[in-house]
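This note is addressed to a colleague who is meeting the structure for the first time. Please read the points below with the model in view.

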Amino acid sequence: MNSSFLYHAWGLYNHKCTREEYKGNTIILHVESKERQKVCPQCGHSHLVKNGFRVRDFIGLPIGGKKLIIRMKVQRYKCKNKECDYDRQEAIPFATGSRSYTHRFAKYVVGLLKGMTLKDTANLLGVSWDTIKEIHANHLEHRYSLPSLDGVESIAIDEFAVRKGN
Ligand SMILES: [Zn+2]
């Protein structure tokens, strides 16, 4: 698959698609990094060797009614420098931590939830209610999280209104 299409459609710019698979209503894009990591991010030496991989699935932006899965071969690298203990999986720029969906998918869900219920959104996208709920909760947490009060010794309360007119 053309890499500018991968980029514009799903935000994958460091990855190439090695295979496309069509299963019922689902399209699976098999991807992996275009370039292997060479330099150790910890010690700066170019002694990185491949140390196994795992395959992870991410829900990506759908194509109309078709569900889209990005199946990534996630490479693990180990540093051969004796003074360094670096041994990690490569970074995944299009998703957060252990989440099973891409940033773009989460953004799309948040947009749909402005006019749809959690249940309708889950049904439309063919994903579990829990996934939609998680995206919604993360969005609210991110949006309404309080600023950190570390190091603050006292807070002065100014006049405020809970509702207009109060
Ligand atoms: Zn190293």
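The numbered points take up the strands, the core, a pair of helices and a single residue in turn.

1. The model under discussion is a predicted one. The points that follow should be read with that in mind.

2. Strand β4 (66–79) is a convenient place to begin. β4 is joined to β2 by 6 bridges, and these two strands run parallel. Within this pairing, Leu68 in β4 has Ile27 standing opposite.

3. β4 is also paired with β3, in this case through 12 bridges and in an antiparallel arrangement. Lys73 in β4 stands opposite Val55. The two strands β3 and β4 form a hairpin, with 2 residues between them. In the turn, Gly64 has a positive phi of about 55°.

4. A further partner of β4 is strand β5, which covers residues 87–89. Here 3 bridges join the strands, which run antiparallel. Arg76 has Gln89 in β5 as its bridge partner.

5. The largest nonpolar core comprises 16 residues. Those with the most contacts inside this core are Val31, Phe58, Ile70, Tyr101, Phe105, Ala106 and Val109. Two or more residues each come from β2 (26–33), β3 (48–63), β4 (66–79), α2 (103–112) and α4 (129–144). The most is given by α2, with 3 residues. As a general tendency, nonpolar side chains in soluble globular proteins are buried together.

6. Helices α2 and α4 deserve separate attention. Their axes come within 10 Å and cross at roughly 85°. Angles of 65 to 115 degrees count as roughly perpendicular, so α2 is roughly perpendicular to α4. On the α2 side the contact is made by Ala106, Val109 and Val110, and on the α4 side by Ile132, Ile135 and His139. By class, this contact has 5 nonpolar residues, 1 polar residue and no charged residues.

7. Ala106 links the two preceding points: Ala106 is among the core residues with the most contacts and also takes part in the contact of α2 with α4. Leaving aside residues up to four places away in sequence, Ala106 touches Tyr101 and Ile135.

8. Is Asp120 buried or exposed? This residue lies in helix α3, residues 118–125. Asp120 has 13 other C-beta atoms within 10 Å. A residue is exposed at 12 or fewer and buried at 20 or more, so Asp120 is partly exposed. Asp120 and Ile132 are 12 residues apart along the chain, and their C-alpha atoms are separated by 10.0 Å.

Note on methods. Residues are numbered from 1 along each chain as its sequence is written. This is a predicted model: local features need pLDDT of at least 70, side-chain atom pairs count only at pLDDT 80 or more; totals for chains, interfaces and linings use all residues. A nonpolar core is a set of buried Ala, Val, Leu, Ile, Met, Phe, Trp, Tyr and Cys residues joined through C-beta atoms within 7 Å. Helices (H or I, at least four residues) and strands (E, at least two) are DSSP runs, numbered from the N terminus. Two residues are in contact if their C-beta atoms, placed from the backbone, lie within 7 Å. Two strands pair if DSSP finds at least two bridges between them. Axes are lines fitted to C-alpha atoms, for helices over the stretch in contact, and angles run from 0 to 180 degrees between N-to-C directions. Angles under 35 degrees count as roughly parallel, over 145 as roughly antiparallel, 65 to 115 as roughly perpendicular and the rest as oblique. Ala, Val, Leu, Ile, Met, Phe, Trp, Tyr, Cys and Pro count as nonpolar, Asp, Glu, Lys and Arg as charged, and the others, Gly among them, as polar.
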